[in-house]
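Here is a short tour for anyone who likes to read a fold strand by strand. Please keep the viewer open while you follow along.

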Amino acid sequence: MNKTGSILLAALAGATALLVSGATPAVANPNAINPIPVLNGTHGLPALHGRTQAVFQVTGMASPNNTQNYNVLGTDLGIMWDNGRGEMLTAFGDTAGIGFPNLLAGSTWAWRSNILVRSHTKDPASGIFFDSVVRDVIGQARDLIPSPKIPFLEISRIPTAGISANGVQYLSLMSVKTWDAPGEWTTSYSGLAASADNGETWADLAHTRRPDEGGNSNFQMNAFLKDGGFVYEYGTRSGRNNDAFIARVPEAEIENLGAYEYWDGSGWKLNDVNAAAPIMGGVGELSVMYNEYLGQFISLTTDPFNSVVMRRAPSPAGPWSAPEVLIDARELPTAYAPSIFPYQTGRDLYFMTTIHTQYNVVLMRTRL
């Protein structure tokens with residue numbers, strides 16, 4: 001997500017300098033961000049010496065996907081899910097490009113909040129390659145759900161989770177009101193958007209909105225999981241280093257907030273969001289999936305030190321294990337928002353993560 005701090009970008013030679021107001025992970029140095037957008041992500045993949053390796057530049061000028069061809073010079077997140085027909089959809093968040101500035105948001109670059117690409121990559125060992133992108137009339141990747149980019153009204157509408165249910169594609173998005181201290185931001189609400197045409201057009205489902213108040217505050221940022229006929233919704237407050245909570249709903253009722261059940265620590269409570277109890281702590285952006293190799297559910301997130309960590313559990317609600325470090329913050333202090341590749345790859349666990357100093361997304365591989 002576009003986080004605290006300042007990202008300086010500049011356009012191609014001779015173009016106007018671009019200033020991005022964003023936010024960094026808690027321990028990142030905003031002054032280390034590359035000031036030239038066409039060079040973001042061109043420094044090569046980071047050399048990691050732990051259990052995880054960087055294997056492919058997913059976005060940016062150095063990516064084989066050539067995302068500059070649809071005016072994506074910098075972006076983050078990379079939330080992946082299967083569309084129910086063997087095609088992978090990926091939603092990215094705040095996206096930098098050249099064009100009309102968003103001056104009210106303090107930015108002089110062309111800023112979109114939620115874009116989507118499609119891919120048929122099943123084996124990511126050599127990378128993830130995009131087949132198509134949702135474009136506007138001039139060919140650039142366009143906002144799926146536009147936002148006014150006005151602070152204290154809605155500065156951005158950012159995707160946090162995606163899933164296919166009942167033949168329809170769903171995104172959970174948070175409406176960001178303000179960027180606050182490092183690792184913190186304020187939302188007005190979260191809610192679903194739906195697409196019946198494989199992500200080409202989207203409807204904003206106002207009846208699914210959770211205002212940032214009461215128990216609904218614990219579901220401002222989300223992750224989705226399907227298991228046993230249910231859609232599980234993991235939630236946290238806006239920002240990082242928070243507790244995580246869990247709800248579930250029959251897949252056919254995903255748009256009906258009254259049909260959600262909330263885990264209170266010992267059982268499921270119907271339609272009582274205030275009953276939800278924490279299932280893990282110290283959580284940032286979250287991704288959850290069942291892993292066949294381990295025979296367990298796994299979650300990826302960043303911890304309070306900004307290391308990328310994995311937890312394991314025998315069931316969607318837990319109990320969740322202590323975190324295992326996959327990428328140590330001392331090696332890569334600006335990584336955030338790890339998102340699990342949705343197809344099983346045996347002992348190799350693949351995930352995307354954003355490197356904020358490049359403001360682009362990289363594919364990682366961990367040997368389980």
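The report below goes from a sheet to the nonpolar core, and then to some residues in loops and turns. Please bear in mind that this is a predicted model.

**The open sheet**

A good place to begin is an open sheet of four strands, which run in the order β10-β11-β12-β13 with antiparallel pairing. At its edges are β10 and β13 (203-211), and because each has a single partner strand, one side of each lacks a neighbour in the sheet. On average, neighbouring strands here are turned by 25 degrees against each other, direction ignored. As a reminder, strands of a sheet pair through backbone hydrogen bonds, in either a parallel or an antiparallel way.

Now follow β11 through its two pairings. With β10, the antiparallel pairing runs over nine bridges, and here G162 has L171 of β11 as its bridge partner. With β12, β11 pairs over 10 bridges, again in the antiparallel sense. Two pairs can help you find the register: L173 lies opposite G191 in β12, and S172 has L192 of β12 as its bridge partner.

Both pairings are also hairpins. Two residues separate β10 from β11, and N166 in that turn takes a positive phi of about 60 degrees. The hairpin of β11 and β12 has five residues between the strands, with G183 at a positive phi near 80 degrees.

**The nonpolar core**

Is β11 enclosed or open to the outside? Of its 12 residues, 11 are buried, so β11 is largely enclosed by the rest of the structure.

That fits well with a look at the largest nonpolar core, which has 26 residues. Those with the most contacts inside this core are W81, L116, L171, V176, W179 and W202. At least two core residues come from each of β4 (77-82), β5 (88-92), β11 (168-179), β12 (185-195) and β24 (335-340). The largest share is that of β11, with five residues. L171 thus appears twice in this tour: among the core residues with the most contacts, and as the bridge partner of G162.

**Loops worth a visit**

Next come some backbone details. Most residues other than glycine have a negative phi, and most peptide bonds are trans. Two asparagines in loops, neither of them in the hairpins above, take a positive phi, and the table sets them side by side.

| Residue | Phi | Loop | Relative accessibility |
|---|---|---|---|
| N241 | about 60 degrees | β15 (230-236) to β16 (242-250) | 47% |
| N306 | near 80 degrees | β21 (296-302) to β22 | 3% |

With these values, N241 counts as partly exposed, whereas N306 is buried. The cut-off behind this is that buried means under 20% relative accessible area, so N306 falls on the buried side.

Which residues are joined by a cis peptide bond? They are G318 and P319, with omega at about 5 degrees. P319 sits in the loop between β22 (308-313) and β23 (324-327).

The last stop is K149, in the loop between β9 (132-133) and β10 (156-165). Is this lysine buried or exposed? K149 has a relative accessible area of 4%, so it counts as buried. Its side chain makes a polar contact of 3.2 Å with the side chain of S113.

Terms used: Residues numbered from 1 in each chain as written. Predicted model: local features only at pLDDT ≥ 70, side-chain atom pairs only at ≥ 80, totals over all residues. Heavy atoms only, no water. Core = buried A, V, L, I, M, F, W, Y, C linked by side-chain atoms within 4.5 Å. Buried < 20%, exposed > 50% of the residue type's maximum accessible area, 1.4 Å probe, protein only. Polar contact = N/O pair within 3.5 Å; in protein donor to acceptor, adjacent residues only side chain to side chain. Pairing = 2+ DSSP bridges. Axes fitted to C-alpha atoms, helices over the stretch in contact; angles between N-to-C directions.
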